[in-house]
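This report walks through one protein model, beginning with the surroundings of its ligand and moving outward to the sheet. Please keep the sequence and the structure in view while reading.

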Amino acid sequence: RITAVCSGPLSGKRVVITAGPTREPIDPVRYISNHSSGKMGYAIAAAARDAGAQVVLVSGPVSIPEPTGVDVRAVVTADDMLSAAGQAVDEGCDVFIATAAVADYRPDNCAGDKIKKTSEDMSLALVRNPDTLATIAARPDAPFTVGFAAETRDVEHYARDKMQRKKLNMIVANDVSTPGIGFNSDDNAVTVFWRSGQQVLGPESKAAIARQLVALIAEQIQ
Ligand code: CTP
Ligand code: CA
């Protein structure tokens, strides 16, 4: 069910957000994944809802509560995430925000039975996964697109490069080498870049950062 408030900076806007990790199965009991609590994406979903938007949250497996008043669509793999996000954008989307930690590669096939260990070492063949954010940003009817870049060094350089390469309107750069910031934490510190400006948000709670990010996005789409 979607509840919307009648006023607010994103009133009448449709926002699609990806969050959490993806899981790429190796066999029925194992998978490849990334660190991601989903907290930042869920906080942005709540902030966009509070700003009056209709929000679809395409979420990988996380262990935090669903925000109320948001249409949550659960996915597992990067392929699932691409199709669910594409469908949500087809339904109408003004702003697309990708916070998900998508696995860049998946095993080239998932074994039907549990793989038994042997005395030998083993290696896994991996194939590239599709890029949800780049795919949405490349659509002729692309919404305003916002990406996240979690980096351990040269943060601004890599973030600006991603914004340009993926043709994004905005990118939120996260230095995940700072202890107590990012991944599992309730707090974050980010720098937001857009074509004509930049702004540092935090360090403070992910909820507070989410509200400020939503305000910045609302300003940009005016
Ligand atoms: N992203 C996505 N689908 C993917 C990979 C990334 O939608 N398959 C999105 C992320 O949600 C994030 C942005 O793209 O908003 C940047 O993700 P990141 O992993 O930092 O970028 P990559 O292009 O995968 O580059 P790399 O991992 O090599 O730094
Ligand atoms: Ca990646």
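## The shell around ligand 1

In this predicted model, 15 residues surround ligand 1, and those that come nearest are A98, V102, T132, L133 and G147. Two elements, α3 (132-137) and β9, each give two or more residues to this shell, and β9 supplies the largest share of it, with 4 residues.

By residue type, the shell around ligand 1 is made up of 8 nonpolar, 4 polar and 3 charged residues.

## Annotated binding-site positions

An unreviewed UniProt entry carries the annotation "binding site" for D104, K114, F148, K162 and K166. These positions span 63 residues in sequence, and because the farthest two of their C-alpha atoms are 37.5 Å apart, they do not all gather at one spot.

Two of the annotated positions, D104 and F148, can be placed in more detail. D104 is located in the loop that runs between β6 (95-98) and β7 (105-107), and it counts as partly exposed because it has 14 C-beta neighbours inside 10 Å. Once neighbours within four places in sequence are set aside, D104 is in contact with R128 and N129.

Is F148 buried or exposed? F148 has 23 C-beta neighbours inside 10 Å, where 20 or more is the cut-off, and therefore F148 counts as buried. F148 belongs to strand β9, which covers residues 144-151, and, not counting residues up to four places away in sequence, F148 touches A98, T99, V172 and N174. One of these contacts of F148, A98, is also among the residues that come nearest to ligand 1.

## The open sheet

In what order do the strands of the open sheet follow one another? The sheet has 8 strands in the order β5-β4-β1-β6-β9-β10-β11-β12, and the pairing is mixed. Its edge strands are β5 (71-74) and β12 (197-205), each of which pairs on one side only, and the twist from one strand to the next averages 15°. Strands of a sheet pair through backbone hydrogen bonds, either parallel or antiparallel.

Helix α4, formed by residues 155-165, lies across β9, β10 and β11, and runs at about 150° to β9.

## From β10 to the edge strand β12

Strand β10 (residues 170-175) and strand β11 (residues 187-194) run antiparallel and are joined by 5 bridges; within this part of the sheet, A173 stands opposite T191 of β11. Strand β11 also pairs with β12, again in the antiparallel sense, over 7 bridges, and there F193 has Q198 in β12 as its bridge partner. The connection from β11 to β12 is a hairpin through 2 residues.

## The edge strand β5

At the edge formed by β5, the residue V72 lies within the strand. How many C-beta neighbours does V72 have inside 10 Å? There are 16 of them, so V72 counts as partly exposed.

The contacts of V72, leaving aside neighbours within four places in sequence, are with L57, S59 and E66. Of these, L57 is 15 residues apart from V72 in sequence, while the C-alpha atoms of the two residues are 4.7 Å apart in space.

Key: Residues numbered from 1 in each chain as written. Chains lettered and ligands numbered in written order. Predicted model: local features only at pLDDT ≥ 70, side-chain atom pairs only at ≥ 80, totals over all residues. UniProt positions renumbered as here; feature names shortened; annotations may be inferred. Buried ≥ 20, exposed ≤ 12 C-beta atoms within 10 Å, placed from the backbone. Contact = placed C-beta atoms within 7 Å. Near = placed C-beta within 6 Å. Nonpolar A, V, L, I, M, F, W, Y, C, P; charged D, E, K, R; others polar. Pairing = 2+ DSSP bridges. Axes fitted to C-alpha atoms, helices over the stretch in contact; angles between N-to-C directions.
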